Amino acid sequence: MVDYREILRLHSLGHNITQIADALHNSRNTVRDVISIADDKGIQWPFEEEVTNSQLYSQLYPERQKKAKVYLEPDCNWIHRELAKKGVNLTLLWKEYQVTCLNAGRVPYQYTQFCDIYRAWAKKSKATMRIKHKPGDAMEVDWAGGTMPIQDPVTGETVPAYLFVAVLPCSCYVYAELCGDMKSENWLLCHVHAYDYFGGVPRLLIPDNVRTGITKNTRTETVFNRSYSELADHYGTAIVPARVRRPQDKSHAEGSVSYASTWILAALRNQTFFSLADAKEAVAEKLEELNDYPFKKREGNRREAYVHEERDFMKPLPSNRYEPSLWSEQTVLLDYTVTDGLNKYSVPYDLIGESVSVRTTRDAVEIFFHGNRVAVHHRETSRRRDPLMIPSHMPENHRQYLTYTEGDFKSWASTIGPNTEKVVRFFLESGKAPEQGFKSCVSLRKYTSRYKKERIEEACRQILLFSGDPSIRGINALLRSPVPQKENSGSAKPGANTRRSHGITRGVEQFREGGYAE
């Protein structure tokens with residue numbers, strides 16, 4: 001500002017315009033103008049100590065004071081709301097402010113004054129945080145450090161329950177849910193419930209580096225849990241995990257976790273809960289109280305801030321809710337099955353020994369090989385004795401096994417002989433169900449490709465003679481033993497021992513006829 005007192009003092013001492021301009025670093029025109037107007041209006045040095053430069057300015061330029069009154073004060077509330085919108089900055093708002101002043105016939109402040117006025121207002125009203133956090137831009141999530149004890153009504157034993165917290169940084173709107181554990185399924189479900197509670201989806205998802213969400217997070221690489229990545233794809237949001245040991249990356253979640261621990265966990269510390277459902281209901285009530293609690297340093301509360309400033313900027317929810325899934329890498333077993341931890345499910349038999357990805361949901365088990373789905377099963381919730389098989393996954397001979405019936409085996413046995421019928425009937429009737437004997441019947445039936453029917457019938461006859469519990473192993477041993485030769489009197493020598501020799505033993509007849517052969 002021009003020092004009018006010093007200009008007039010130096011002029012009274014006889015200094016010329018150039019000397020005064022050089023001493024006060026003002027232009028000569030400014031000095032000449034001040035001296036000329038002061039002379040015209042009879043304003044001369046000395047002045048009283050109370051006379052300030054501002055008062056002298058008003059006396060020298062009264063017309064300028066009238067003009068200053070036409071300045072239009074910026075609407076700081078409007079600036080604050082507009083800054084929260086995507087892509088909006090102070091330069092753009094200043095341009096729009098100039099247009100408003102022009103239409104109203106008022107004088108606008110320059111850009112620097114415009115910004116200073118808003119920043120002074122924002123500092124006074126503690127509202128600057130939404131300059132950094134755009135509405136609908138991010139959701140920060142974390143587990144609270146404290147737990148809530150759930151007491152068993154019979155034994156009195158307590159188990160901990162864990163609090164999940166999600167917060168929208170712009171409005172500080174909070175969602176909290178109590179869970180029995182911090183495993184992947186609850187982690188994913190809490191996100192689904194948070195999106196439902198907010199009624200929309202923000203652009204970014206900012207979690208901590210929990211194993212249920214982030215597999216690996218280094219300076220050069222971030223690897224997401226496959227189920228977590230699938231959830232983000234379903235809702236059209238992007239996961240941006242906080243840096244390791246950098247809680248300031250999700251400061252609002254950290255602050256809301258502390259706030260929720262106070263207003264939810266600490267507020268319920270004196271209550272005893274005998275079931276997780278009761279505790280969940282109490283937490284839900286406290287959550288509503290938290291979101292309706294007034295701000296201390298600005299007007300309104302979390303719910304009002306969300307409704308008026310952020311809800312319209314959230315992306316819409318997808319038409320279908322995300323169904324949490326668990327992924328695992330498995331090697332296909334020799335019985336061409338994989339498992340969900342409870343039951344076995346078939347895959348095409350030509351994938352035996354291959355590594356496949358298994359996606360398990362509440363109602364389905366899907367198997368993927370090199371990114372392609374090769375099998376899908378309805379998930380069984382109770383343990384089964386046998387694997388769930390799809391016939392097309394089985395080899396041809398295994399598939400034929402499924403088509404066998406009790407009548408088929410009995411009909412086949414009747415074509416071989418009565419002893420075979422007895423053996424087959426024993427196989428089918430010895431167990432609790434005929435199907436338990438199918439395997440033995442199939443094995444016996446396969447022998448027809450290697451032995452004649454008469455040989456099979458004879459083996460069955462022999463095993464029934466010395467055993468009341470015929471088995472495939474015994475029949476197989478009889479079939480593999482040499483067939484005894486029938487006696488032929490024309491070819492046998494008198495007195496010769498027709499018994500079958502064993503090994504290389506010659507017997508006494510060899511020595512009678514020819515003696516010992518050297």
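Two residues are in contact here when heavy atoms lie within 4.5 Å of each other. In this predicted model, Phe198 is in contact, beyond its neighbours within four places in sequence, with Met139, Ala166, Leu168, Tyr173, Val174, Tyr175, Tyr306 and Met314.

**Nonpolar cores**

In soluble globular proteins, nonpolar side chains tend to be buried together. The largest nonpolar core of this structure comprises 48 residues. Within that core, the residues with the most contacts are Met139, Leu163 and Phe198. The elements listed below each contribute at least two residues to this core.

| Element | Residues |
|---|---|
| Strand 1 | 138-151 |
| Strand 2 | 158-168 |
| Strand 3 | 173-179 |
| Helix 10 | 184-198 |
| Helix 11 | 226-235 |
| Helix 12 | 251-266 |
| Helix 13 | 276-292 |

A second core, separate from the largest one, has 22 residues, including Phe409, Val423, Ile463 and Ile472.

**An open sheet**

Strands of a sheet pair through backbone hydrogen bonds, either parallel or antiparallel. Here, four strands in the order 8-11-12-13 form an open sheet with antiparallel pairing. Strand 8 (326-331) and strand 13 (372-378) are the edge strands, each of which pairs on one side only. From one strand to the next, the twist averages 25°.

Strand 8 and strand 11 (residues 355-360) run antiparallel and are joined by six bridges. Glu329 has Ser357, in strand 11, as its bridge partner. Helix 11 packs on the sheet and touches both strand 8 and strand 11. The direction of helix 11 makes about 135° with that of strand 8. Helix 11 thus appears in both parts of this account: it supplies at least two residues of the largest core, and it packs on the sheet.

How values were computed. Residues are numbered from 1 along each chain as its sequence is written. This is a predicted model: local features need pLDDT of at least 70, side-chain atom pairs count only at pLDDT 80 or more; totals for chains, interfaces and linings use all residues. Side-chain values use heavy atoms; hydrogens and water are left out. A nonpolar core is a set of buried Ala, Val, Leu, Ile, Met, Phe, Trp, Tyr and Cys residues joined through side-chain atoms within 4.5 Å. Buried means under 20% relative accessible area, exposed over 50%, partly exposed in between (1.4 Å probe, protein chains only). Two strands pair if DSSP finds at least two bridges between them. Axes are lines fitted to C-alpha atoms, for helices over the stretch in contact, and angles run from 0 to 180 degrees between N-to-C directions.
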